[in-house]
Amino acid sequence: MMSNIRLQHFPSKLPISSIRYFSHSLLRSTTATTKLCSTASPPSTTTTTTTTLFNTLARANTACLGQARKYTKTPIMSIPPTRSSSGDDHGHHSFDFSHMKFQIDGTNSPHPTTIDFDTSFDEAARKALHIQGLVPPPSRGSANTHRKGMEQINLKSTAIDKYSYLSNLRNTNAGLFYRLLIDHMKELTPYVYTPTVGEACLKWSHIYTNPEGLYLSYTDKGNIRDVIANWPQEAVEIAVVTDGSRILGLGDLGVNGMGIPVGKLALYVGCAGIHPERTLPITLDFGTDNEEFLKDDLYMGARNKRIPEQQQREFLDEMMAALTDRWQSIVIQFEDFKSPFWSLERYRNTYTVFNDDIQGTGAVILGGLISAFKRSSIPLSDHKLVFMGAGSAATGVARQICGLFVRNGIPEADAQKMFWLVDSRGLVTADRGDTLPDHKVFFARHDNEGQQFRTLEEVVNYVKPTGLIGLCTIGGVFTESIVRKLAELNKEPIIFPLSNPSSKSECTYAQAMEWTDNRVVFASGSPFPSITIDGVERSPGQGNNMYVFPGIGLGTILCEAAHVTESMIYASAAGLATSLNEKEIANGDLYPELKRVREVSVVVAREVIRAAQKEGVDKHKLLQFLSDKELDEFIRSKMYDPKVVEIAGGSRMQSREGSPKGGQRGRL
């Protein structure tokens, strides 16, 4: 029987020179050098054989995230993350214990703590890992472990229970978690991220069990660099940052918003293969204006109103400098800020940053609309789009679509007039009497001749649009009369109710199909079930940002882009549109099947890299000499594969069942 792990050569001797905190589950080496140090004693230069080291380490498991920096006992041995699983330019070789953590007490005697070793390991793997007896003896392979994991998920009766189980699994057996997520992407994504993450955030302070990210409080101002130094991983490549001020459509949730960066980064791993230990979720505690939370004794955040925006800017300035000081090439994604534009504009030309609410949402909707426009018999210049919602996400999407029109030869002044935005006060016009925020000014109408339209239905009757796009978080606002009017005006009406979670969606797929006599060109932000028409199953498109943001992040990391440019964002949308296969095109799908999202991320990452190269912001210049096929293979070779375990040893063994012979080879 072939082993379920891959063995990889490791040098025979290791000088020991440091001990670090280690909270997550992977043990790996870059330089084949480990350092042993303690605040109680000077560094040691003792040398030990690899065999001795692993006999010492490979029996115990613990997590220490959140422990004080200074300590005198139970130090944690950590070996820095790998840069190349096949050996680097200096002849160093790496190893990777998936799901394993190690603790050594003051006598260097290993002892078990919370054991999470994978029961799919066969006998040869268990011997190599020295875990015989620490897991049940029979091994029935990864398929059995996989089935057991799905069975436990299905036993949970509520969405939040499934979310809690998956969160615990991610913290205790990351390899199994990501195997399940990748193999059941469509089924499990709603419990890992939207819509269930919204409920989790509302209850975060009450269901909290583990520190899953970095909490930066305003009281840390002036000391942010030291707080960031507490994060135990040495090779962070991407961070998702939120201040919790506008979580989905739920409003200000303060530090309870941590579920968003945690869930988002889980999708970076599952969809694009960024290594889980190279991700960093960050929540900024600026206070909260949520009165319910301020009165809740169990709320874990600061009990004060949000600090003024100027103080937030000063804090972010310090945080950005501290993050890039520790990790020079880190990609930073902003998420769910109530006022997202200023931070993007402030940092985009200095750091490697992007905002998924503005740019990612715009790109994924643009990708779907490119496919929708291709299906339409209406010339591109004749489309009229009405947006219900005029916030940052809506205007970000509209700007991306406007860019598409301009790229296809429509003058910007004319492209600008193809949009009508509706907010809580009606059609956004230049003369309606209120002071418009900057992000609304660009699309404010000047041709309304003094008329004001107060409702969406009035605007639809006035404009006679070809498409209706919802980003207002008002559930059911696309009423039957509005949708039927759109169907009366268009042979193939375009309807994109994009608000999350599903309770905030402007209409459902079933409603849109019924009210348009099954002619709708549809995509939603939240998942909706398929419906059967005349014996044929019809599935809705889901304009989920997970089609683009993982590939944007991966491509940016791999080409070492100095900045994330608008051309790179547009390229991600164009790449998404070209990633449809022949079957999906024949079915009239706007988006690929979710189960193919990792392959979609390869295409998106490639197009992002090519765009970075054209603009000269890439620092990994060698990628310019690769053909598209070679670049795709390079991207795949860099994607984390949870089905692969690499350990120290003199030979190489088969990877976990179903895995390619390659696997995670490090990021650089």
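Which residues of helix α4 are buried? In this predicted model, the buried positions of α4 are Ile160, Lys162, Tyr163, Tyr165, Leu166, Ser167, Leu169 and Arg170. The helix itself comprises 14 residues, 159–172, and spans 20 Å from its first C-alpha to its last, close to the 20 Å expected at 1.5 Å a residue. An α-helix has 3.6 residues a turn, so residues three or four places apart point the same way. Cover for the buried residues of α4 comes from elements including α3 (141–155), α5 (174–183), α6 (185–192), α7 (196–202), α8 (204–207) and α10 (259–272). One of the buried residues, Lys162, places its charged end over the ring of Tyr191, 5.6 Å from the ring centre. A further lysine, Lys264, lies over the face of Phe549, at 4.3 Å from the ring centre.

The chain as a whole contains 25 helices and 20 strands. Of its 668 residues, 58% are buried. Among contacts in the chain with a separation of 6 or more, 73% join residues 24 or more positions apart. The exposed surface amounts to about 26,400 Å², of which carbon and sulfur atoms supply 50%.

Aromatic pairs number 17 across the whole structure. In one of them, Tyr178 and Tyr640 meet edge-to-face, with 6.1 Å from centre to centre and 90 degrees between the planes. Tyr178 belongs to helix α5, whereas Tyr640 lies in the loop between α25 (628–637) and β20 (646–648), so this pair ties together parts that are 462 residues apart in sequence. Both Tyr178 and Tyr640 are buried. Another aromatic pair, formed by Phe405 and Phe419, is tilted, with 5.8 Å between the centres and 40 degrees between the planes. Here the pair ties together parts that are 14 residues apart in sequence, because Phe405 lies in helix α15 (residues 392–407) and Phe419 in strand β12 (residues 419–423). Phe405 is buried, with a relative accessible area of 0%, and the value for Phe419, also buried, is 0%. These two phenylalanines belong to one aromatic cluster together with Phe373, Phe387, Phe442 and Phe443.

Phe419 and Phe387 reappear in the largest nonpolar core, which has 114 residues. The residues with the most contacts inside this core are Phe387, Ile401, Phe419, Phe496 and Ile635. With neighbours within four places in sequence left aside, Phe496 is in contact with Ile365, Gly368, Leu369, Leu468, Ile469, Gly470, Phe478, Val521, Phe522, Ala523, Leu590 and Tyr591. Another core, of 29 residues, lies apart from the largest one and includes Leu280, Leu284, Phe315 and Phe337.

Two of these residues, Leu284 and Phe337, are touched by Leu316, a residue of helix α12 (residues 309–326). Leu316 is buried, with a relative accessible area of 0%. Residues up to four places away in sequence not being counted, Leu316 also touches Phe334, Trp342 and Tyr347. From Leu316 to Ser343 the separation is 27 residues in sequence and 8.4 Å in space, C-alpha to C-alpha.

How values were computed
Residues numbered from 1 in each chain as written. Predicted model: local features only at pLDDT ≥ 70, side-chain atom pairs only at ≥ 80, totals over all residues. Heavy atoms only, no water. Helix = DSSP H or I, 4+ residues; strand = E, 2+ residues; numbered from the N terminus. Expected span 1.5 Å × (residues − 1). Buried < 20%, exposed > 50% of the residue type's maximum accessible area, 1.4 Å probe, protein only. Contact = heavy atoms within 4.5 Å. Phe/Tyr/Trp six-rings, centres within 6.5 Å; stacked < 30°, edge-to-face > 60°. Lys NZ or Arg CZ within 6 Å of the ring centre and 35° of its normal. Core = buried A, V, L, I, M, F, W, Y, C linked by side-chain atoms within 4.5 Å. Areas by Shrake-Rupley, 256 points an atom, 1.4 Å probe, with all protein chains shown as cover.
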